[in-house]
Amino acid sequence: MAEKGKDTMEKLVSLCKRRGFIFQSSEIYGGINGFWDYGPYGVAMRRAVEQLWWKTMVEDRDDVVGLDSTVICHPKVWQASGHLDKFADLMVDCTQCKKRYRQDQMEDPSVCANCGSRELTEPREFNLMMKTYVGPVFDEEHVAYLRAETCQPIFVDYELVRNVSRLKLPFGIAQVGKAFRNEVTPRFFTFRSREFVQMEMEFFCRDDGAMEWFDYWRDQRLRFYTETLRIPVDRLKLHEHDKLAHYAKAAVDVEFAFPFGWGELEGIHHRGTWDTSRHEEFSGKDMRYFDQERNERFHPTVVETSCGLDRMCLALLCQAYSEDMAETRKEGQEQEVRVVLRLPPVVAPVQVAVLPLSKKLNDDARLLYERLRRAYRCEFDDGGSIGKRYRRQDEIGTPFCVTVDFETLEDKAVTVRDRDAMTQERVPLESLDRVLMDRVFA
């Protein structure tokens, strides 16, 4: 990672902890690598992003429905999917400093990046499935696994879902949920974790139209990042896979320019008929789709969109982190560095903050806060000077602050401060809802 990128990530990680976005799990016990907790602002942001994805993929469409499956499935699910046999990374250990690496992530596979030693172990496979046990006896007959991806239960349940939804091809099934991978070397904050949230959609269609659907979903998903999440086009790129799984016909990743380099946000895959065929083989159940109009039965082809909610949030935070110079009232200083998260209002954990200039105005400000919170994610902030409160709201990404002052009692207006432009505008209370609506949801 370049020095500038490393510095940015260190500042972002510090901000996320300081302001309650994301911090290491079990920190009072020293933490546990690859596991992260989301604080009050992180939860609000992550739910906002998830809801935007769900609305786009499910609620705004007639051809996609939802599913919420269990984290633990029958072990044969993972035999059929190939995870128990092939879901592994090659692991290498340094015999001198005991540092462990994934071989594919080493810049020089013959040298330890930590101590420079060339005394490395031979690469050996390390299965990424997390094992557990179901029932009172801890033996091989009761072994189960935490799901490594949310898509497999979709394939297992697809016929049940299709029947109750009365859907005909083409149609999709979407799911949001936790997935677990026993990563050898979790890294880059929440980018590569051992517990994370996936948002996946499996689109079932006829094979003769599958490539058209692949192109359609590739374009739709890229548009989600640029138009809905407002990520600049120049920080995104499509990476087409040259090497494909034997059952796949096409695969492309949406990548984002993180401070540590380009990283995958989402994959769009043409999976062919592999999944339903394999589950039919291992379960003995007929997984074919019956087309009544053509009077034929066949395994549907699947086009998949698969993204990580945590990576999506990390990309938004990286894109939003900014430093500029702002006026200050500190003695001997005219300006100071202002840290600000320029989050799009639609995903900001607090969209509108209500700030009484004095605690004597709290009652009137509270009434306004109660009114606004019905339409926006709001926060009431009366702690400290107005300047400190502005800085605090800048750091959590609040796009608009509404200040109630003593003049409000006379002119029935408030001051609306814009986070990015640093402008302050006097707005009549009767016009406030319209003004905020236009700016928050523009």
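This passage walks through a five-stranded sheet, a buried glutamine and a pair of helices in a predicted model. Local features need pLDDT of at least 70 and side-chain atom pairs count only at pLDDT 80 or more, while totals for chains, interfaces and linings use all residues. Residues are numbered from 1 along each chain as its sequence is written, and side-chain values use heavy atoms, with hydrogens and water left out.

Let's start with the sheet. Its five strands (DSSP E runs of at least two residues, numbered from the N terminus) follow the order β20-β19-β21-β22-β23, and the sheet is open with mixed pairing; strands pair if DSSP finds at least two bridges between them. At the edges sit β20 (378-380) and β23 (424-428), each pairing on one side only. Strands β21 (residues 400-404) and β22 (residues 413-418) run antiparallel and are joined by four bridges. Within β22, valine 416 is the bridge partner of valine 402.

Next comes glutamine 351, found in the loop between β18 (335-341) and β19 (352-356). Its relative accessible area is 3%, so glutamine 351 is buried (under 20%, using a 1.4 Å probe and protein chains only). Its side chain reaches the backbone oxygen of proline 345 at 3.0 Å.

Finally, there are two helices (DSSP H or I runs of at least four residues). Gln152, Phe155, Val156 and Tyr158 in α5 meet Asp275, Thr276 and His279 in α7, where contact means heavy atoms within 4.5 Å.

Key: Axes are lines fitted to C-alpha atoms, for helices over the stretch in contact, and angles run from 0 to 180 degrees between N-to-C directions. Buried means under 20% relative accessible area, exposed over 50%, partly exposed in between (1.4 Å probe, protein chains only). A polar contact is a pair of N or O atoms within 3.5 Å; within protein, one must be able to donate a hydrogen and the other to accept it, and residues adjacent in sequence count only if both atoms are side-chain atoms.
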